[in-house]
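Subject: The structure we talked about

Hi,

Here is the structure I promised to pass on. Have it open while you read, and my notes will follow below.

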Amino acid sequence: MFRLDNKIALITGGGRGLGRAIALAFADAGAHVAVASRTREQLDEVAEAIRAKGRRALAVEADVSDSASVAQMVVATRREFGRVDILVNSAGVGWAEKLADTSDETWEWIIKTNLYGVFYCCRDVMRVMIEQKSGNIINLASVAGVKGPPGLGAYAASKGGVIAMTKVLALENARYNVRVNAIAPGYFRTDLNAAALDDPELGPKIVKRIPMRRAGKPEEIGGLAVYLASDDASFVTGEVYFITGGEMAQ
Ligand SMILES: NC(=O)c1ccc[n+]([C@@H]2O[C@H](COP(=O)([O-])OP(=O)(O)OC[C@H]3O[C@@H](n4cnc5c(N)ncnc54)[C@H](OP(=O)(O)O)[C@@H]3O)[C@@H](O)[C@H]2O)c1
């Protein structure tokens, strides 16, 4: 069970953090993987690690907030592998600021990356999947997308949008044999929040809110992503899976 043998996966934000962990878990499960982000060295490192597991890999430089760049990313992936079976949208950015203090530029940066980015990638890959009459999309949302975390307004708005978009895409495309789900993590230790977790005042407060009293490790997300991408989840679509160390139960 939970195999992805010879499936072709495209993972945005695959150069580090949760996207990197999912890319490696997919390779372990038998998938060939294209990883995309803006940092070539990180992509090359992950691609090498995937090849070391005996799978094919492609490193694609792309900016998900730019629709032309996303279109090129999809073309490059199809040119290399001929199809796209799985899309994981993990590219994302975060910023902590009260909404009353948020500038137009910050709002645009967060929404453009986290919401437009997921839209561009889902739209372009969905067209491929409709043609293939099969496919599977996993969007990285966040607990912030369903709660109202003070100081994370732009981020929460972007992730709430991702959750809504996930459900719409699932319903619009169920008849094409394409499944669309979201993973909504709590705190995982990555570059996204290392500064907050390591802050001597803020860090302990964050950890105290997590019933397991620790942040997740990136490798703790791979199993859920592999399950959702696998045929063992063939009846699962339009769902949001929380993975929070108990935070979501409070
Ligand atoms: N870590 C957590 O606790 C947590 C919690 C809830 C949700 N999430 C979500 O999970 C996803 C992954 O987060 P993470 O923790 O792995 O963060 P991370 O370690 O900072 O990685 C983010 C990835 O996104 C890429 N990226 C950012 N902007 C991009 C753009 N415009 N175009 C292409 N790639 C871009 C980054 O690469 P470049 O900068 O090189 O482009 C990097 O590979 C995000 O959507 C995040 O919101 C994370």
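Which residue in S3 does Ala-36 stand opposite? In S3, the residue facing Ala-36 is Val-60. Before I go on, please keep in mind that this is a predicted model.

**The strands around S2**

That pair belongs to a longer stretch of pairing: S2 and strand S3 (residues 57–61) run parallel and are joined by 5 bridges. To get from S2 to S3, the chain passes through helix H2 (residues 40–52), and this β-α-β crossover is right-handed.

S2 (residues 32–37) has another parallel neighbour, strand S1, and again 5 bridges join the two. If you want to find this pairing on screen, look for Ile-8, whose bridge partner in S2 is His-32. You can also look for Ile-11, which has Val-35 as its bridge partner in S2. Here too a helix takes part: S1, helix H1 (residues 17–28) and S2 make up a right-handed β-α-β unit.

How covered is S2? Mostly: 6 of its 6 residues are buried. On one side you have His-32, Ala-34 and Ala-36, on the other Val-33, Val-35 and Ser-37, and every one of them is buried.

**S1, between two partners**

Now for S1 itself. Strand S4 (residues 86–89) pairs with S1 in the parallel sense, over 4 bridges. One place to spot this is Ala-9, whose bridge partner in S4 is Ile-86.

Why is S1 (residues 8–12) described as largely enclosed by the rest of the structure? Because 5 of its 5 residues are buried. A bit of background helps with the next point: in a regular strand, side chains alternate between the two faces of the sheet. In S1, Ile-8, Leu-10 and Thr-12 are on one side, while Ala-9 and Ile-11 are on the other. All of these are buried, which leaves both faces of S1 covered.

**Just ahead of S1**

The segment before S1 holds two residues worth clicking on, Phe-2 and Asn-6. Phe-2 is not a glycine, yet its phi is positive, at about 60°. Asn-6 is not a glycine either, and its phi is also positive, at about 65°.

Are they buried or exposed? Phe-2 counts as partly exposed because it has 15 C-beta neighbours inside 10 Å. Asn-6 has 11 other C-beta atoms within 10 Å, so it is exposed.

**Around the ligand**

How many residues surround the ligand? There are 30, and the closest are Gly-13, Gly-17, Arg-38, Thr-39 and Gly-92. Sorted by class, the shell has 16 polar, 10 nonpolar and 4 charged residues. H1 supplies the largest share of this shell, with 3 residues.

**Helix H5**

Further along the chain comes helix H5, which covers residues 153–173 and has 21 residues. From its first C-alpha to its last H5 reaches 30 Å, close to the 30 Å expected at 1.5 Å a residue.

Some of H5 is tucked away: its buried residues include Gly-153, Tyr-155, Lys-159, Val-162, Met-165, Leu-169 and Asn-173. What covers them? Among the elements over the buried residues of H5 are helix H4 (104–132), strand S5 (135–140), strand S6 (178–185) and strand S7 (240–243).

**Two loop residues**

Last, two residues that sit in loops. Lys-53 is in the loop between H2 and S3. With 15 C-beta neighbours inside 10 Å, Lys-53 counts as partly exposed. Which residues does Lys-53 touch, leaving out those up to four places away in sequence? Its contacts are Ala-27 and Asp-28. Lys-53 and Ala-27 are 26 residues apart in sequence, and from C-alpha to C-alpha they are 6.7 Å apart in space.

Arg-209 is in the loop between helix H7 (202–208) and helix H8 (222–229). Since Arg-209 has 13 other C-beta atoms within 10 Å, it is partly exposed. Arg-209 and Ile-163 are 46 residues apart in sequence and 23 Å apart in space, C-alpha to C-alpha.

That's everything from me. Happy exploring!

Conventions. Residues numbered from 1 in each chain as written. Predicted model: local features only at pLDDT ≥ 70, side-chain atom pairs only at ≥ 80, totals over all residues. Expected span 1.5 Å × (residues − 1). Buried ≥ 20, exposed ≤ 12 C-beta atoms within 10 Å, placed from the backbone. Contact = placed C-beta atoms within 7 Å. Pairing = 2+ DSSP bridges. Right-handed = clockwise from strand over helix to strand, strands pointing away. Near = placed C-beta within 6 Å. Nonpolar A, V, L, I, M, F, W, Y, C, P; charged D, E, K, R; others polar.
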